[in-house]
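Me: Please take a close look at one short turn and at the pairing around it, and then set that part beside the other packed elements. I would like each term given with its cut-offs.

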Amino acid sequence: MSILKVDQVAIGYSNALIIDDLSVSIPEKKITTIIGPNGCGKSTLLKAISRVLKTKSGAVYLDGRAIHQLQTKEVAKKMAILPQSAEAPAGLTVFELVSYGRFPHQSGFGSLKKEDYEYIYWALDVTGLMEFKDRSIEALSGGQRQRVWIAMALAQGTEILILDEPTTYLDLAHQLDILLLLQRLNEEEGRTIVMVLHDLNHASRFSDYMIAMKDGALMMEGTPEEVMTCLNLQSVFNIDASIATCPFSKNPICLSYQLFQKNK
Amino acid sequence: MSTPAEVSAEIEKLTEIKKHSRPIMAIVILFGGVVALLFSIGLSISFGAADIKLATVWTAVFNFNPDLTPHQIIREIRMPRVLGAAMVGSCFAVAGAIMQGMTRNPLADSGLLGLNAGAAFMLALCFAFSPGLPYMFLIMYSFLGAGLGAGIVYGIGSMSRGGLTPMRLVLAGAAVSALLGALSEGIALYFRIGQDLAFWYAGGVSGTKWIHLQVMSPWILAAMIGAVILSRSITLLSLGNEVAIGLGQKTKTIKVFGMLIVLILAGAAVSVVGAVGFVGLIVPHLTRLLVGHDYRWIIPCSIVIGGLLVVLADLGARMINPPYETPIGALIALIGVPFFLYLARKGGKEL
């Protein structure tokens with residue numbers, strides 16, 4: 001079952017088309033990761049899926065309905081997004097930021113109700129931020145900050161989470177920490193997660209479904225086993241990869257790689 | 001993983017305590033600020049060339065007797081001036097708060113981003129080509145002028161490669177303000193209207209008449225109500241455009257309404273007091289420091305603190321070197337410039 005369907009979309013900024021005629025389906029209750037070289041349009045695709053960018057033609061369908069025709073607040077009750085390198089305003093506390101996740105469920109001047117508090121505290125609890133809730137966000141480490149944004153998205157209480165490079169700028173342990181959290185949310189709560197990752201091995205280890213892009217086009221999609229092959233990595237990243245099996249997840253990983261020599 | 005219901009029991013008592021911490025501060029500021037503002041207004045009315053006691057101010061306001069000269073002075077000269085100062089301060093402060101929130105630009109201020117210079121330029125044109133234009137039309141040209149200034153600055157700013165950074169906008173604002181200022185002065189010289197324009201450059205409230213207040217009040221009232229209605233949306237925008245969209249906000253609509261409110265507030269203020277800068281820079285930062293980041297509190301508190309700042313600046317301007325008046329623009333710049341340098345040093349990316 002696909003919950004999000006991208007149908008023949010063209011997306012671009014001003015005159016430059018970045019993606020032309022791309023179609024892809026995002027499976028429900030799975031973790032889907034988009035991979036591809038820099039500038040291949042993966043963030044652009046993610047922005048179109050999350051209605052941040054309007055498509056020039058084609059449409060994105062959420063539960064079978066065109067996303068741009070839905071009330072944006074209704075979409076926000078089903079889908080939460082975490083943009084790339086989101087930065088909180090100075091002086092904001094963890095609790096305050098997470099509480100803004102309740103916006104789509106509030107009306108009027110927006111005072112928090114009991115249900116809102118429940119979601120906020122639950123989100124703080126799941127992300128292990130309860131003890132930091134009154135701290136200023138700028139006083140936290142990079143990994144903690146990313147957790148705060150994820151907590152905000154969780155407080156939104158949506159089935160779908162969309163994350164653009166949630167692990168960028170984090171050290172190895174914190175990267176894994178974030179991904180394990182996302183995995184837990186997927187496995188225990190059945191949330192659909194769509195994200196862009198740069199690290200192929202993380203993508204392979206944590207994804208049920210992978211989408212590989214290059215030059216604004218879809219190159220291949222499928223399970224990590226289907227996508228993470230020598231040949232595919234050659235055509236997408238132009239690398240000569242040595243593929244092994246992850247001792248933890250048994251998924252294929254890229255052990256090491258080298259560039260192809262040109263004009264050989 | 002615990003469910004929302006499970007954690008709810010233990011949080012119940014926590015929320016009762018936490019819920020009110022920041023609003024309490026804001027309410028203190030609002031009430032304390034209003035009291036301080038009223039007191040400063042009274043003090044400012046009593047101070048001047050003719051010595052008037054605070055008690056006389058009281059009776060002149062609440063028990064007016066047209067036969068008494070002090071009452072006449074208070075009613076006809078000092079009250080409009082001081083009330084004008086308060087309104088102008090609130091306008092600049094709220095305009096600055098909205099701009100800072102919507103654009104996440106800590107250096108946003110109607111003076112720094114060319115709105116004030118644009119409005120003043122338009123007023124100079126009005127004086128040159130249509131002398132004696134009634135104030136109710138002047139103020140509308142002032143709104144247009146603020147829009148013109150903002151338009152040019154954003155236009156120039158967005159032409160630069162790499163997009164609009166706070167610093168680029170401020171640079172574009174400085175350049176455009178300098179250009180519009182020079183053009184205004186050129187117009188003043190060519191059409192010999194320097195006398196009429198002088199008080200706008202100086203940035204003084206001494207020329208404020210009841211008619212000004214009457215004309216600008218409905219505009220300002222509407223804009224302030226709009227600002228308060230938008231305040232929650234502005235908080236969301238201050239988290240970043242994409243985050244706001246993700247939370248289901250109609251960002252474009254909010255930005256259009258926010259910008260209109262800013263143009264009305266800045267335009268109205270400039271039409272009375274001239275291109276006074278920095279109020280919109282200082283006050284929102286100060287307010288944020290006191291009441292936190294929620295614009296539902298920042299905007300009402302900025303109304304009060306902005307008014308207070310300009311009333312006090314006007315009072316100071318008259319006390320420094322009596323009987324001459326120091327331009328309040330200069331006085332506020334005295335605090336504003338170091339504050340601007342401090343913010344700029346932090347890299348201008350703290351919002």
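**The turn and its surroundings**

Reply: In the hairpin formed by E9(A) and E10(A), where two residues lie between the strands, A:Asp215 adopts a positive phi near 50°. The model is a predicted one, in which local features need pLDDT of at least 70 and side-chain atom pairs count only at pLDDT 80 or more, while totals for chains, interfaces and linings use all residues, and side-chain values use heavy atoms, leaving out hydrogens and water. Residues are numbered from 1 along each chain as its sequence is written, with chains lettered from A and ligands numbered from 1 in the order in which they are written.

The two arms of the hairpin are strand E9 (residues 209-214) and strand E10 (residues 217-222) of chain A, which pair in the antiparallel sense over five bridges (strands pair if DSSP finds at least two bridges between them; strands of at least two residues and helices, H or I, of at least four are DSSP runs numbered from the N terminus). Within this pairing, A:Met210 stands opposite A:Gly222 of E10(A).

Chain A also has an open sheet of four strands, in the order E2-E1-E4-E5, with antiparallel pairing. Its edges are strand E2 (16-27) and strand E5 (65-66), each with a single partner strand, so one side of each has no neighbour in the sheet. Strand E4 (residues 57-62) of chain A is joined to E5(A) by two bridges, the strands running antiparallel, and A:Tyr61 has A:Ala66 of E5(A) as its bridge partner. Helix H1 (residues 42-49) of chain A packs on this sheet and touches strand E1 (2-13), E2 and E4, its direction making about 120° with that of E1(A) (contact means heavy atoms within 4.5 Å; axes are lines fitted to C-alpha atoms, for helices over the stretch in contact, and angles run from 0 to 180 degrees between N-to-C directions).

In chain B, helix H13 (residues 295-320) and helix H14 (residues 328-345) pack at an angle of about 115°, their axes being 9 Å apart. H13(B) is therefore roughly perpendicular to H14(B) (65 to 115 degrees, with under 35 roughly parallel, over 145 roughly antiparallel and the rest oblique). Among the residues making the contact are B:Leu309 and B:Ala317 of H13(B), and B:Leu331 and B:Ile335 of H14(B).

B:Met319 also lies in helix H13 of chain B, and at 45% relative accessibility B:Met319 counts as partly exposed (buried is under 20% relative accessible area and exposed over 50%, with partly exposed in between, for a 1.4 Å probe and protein chains only).
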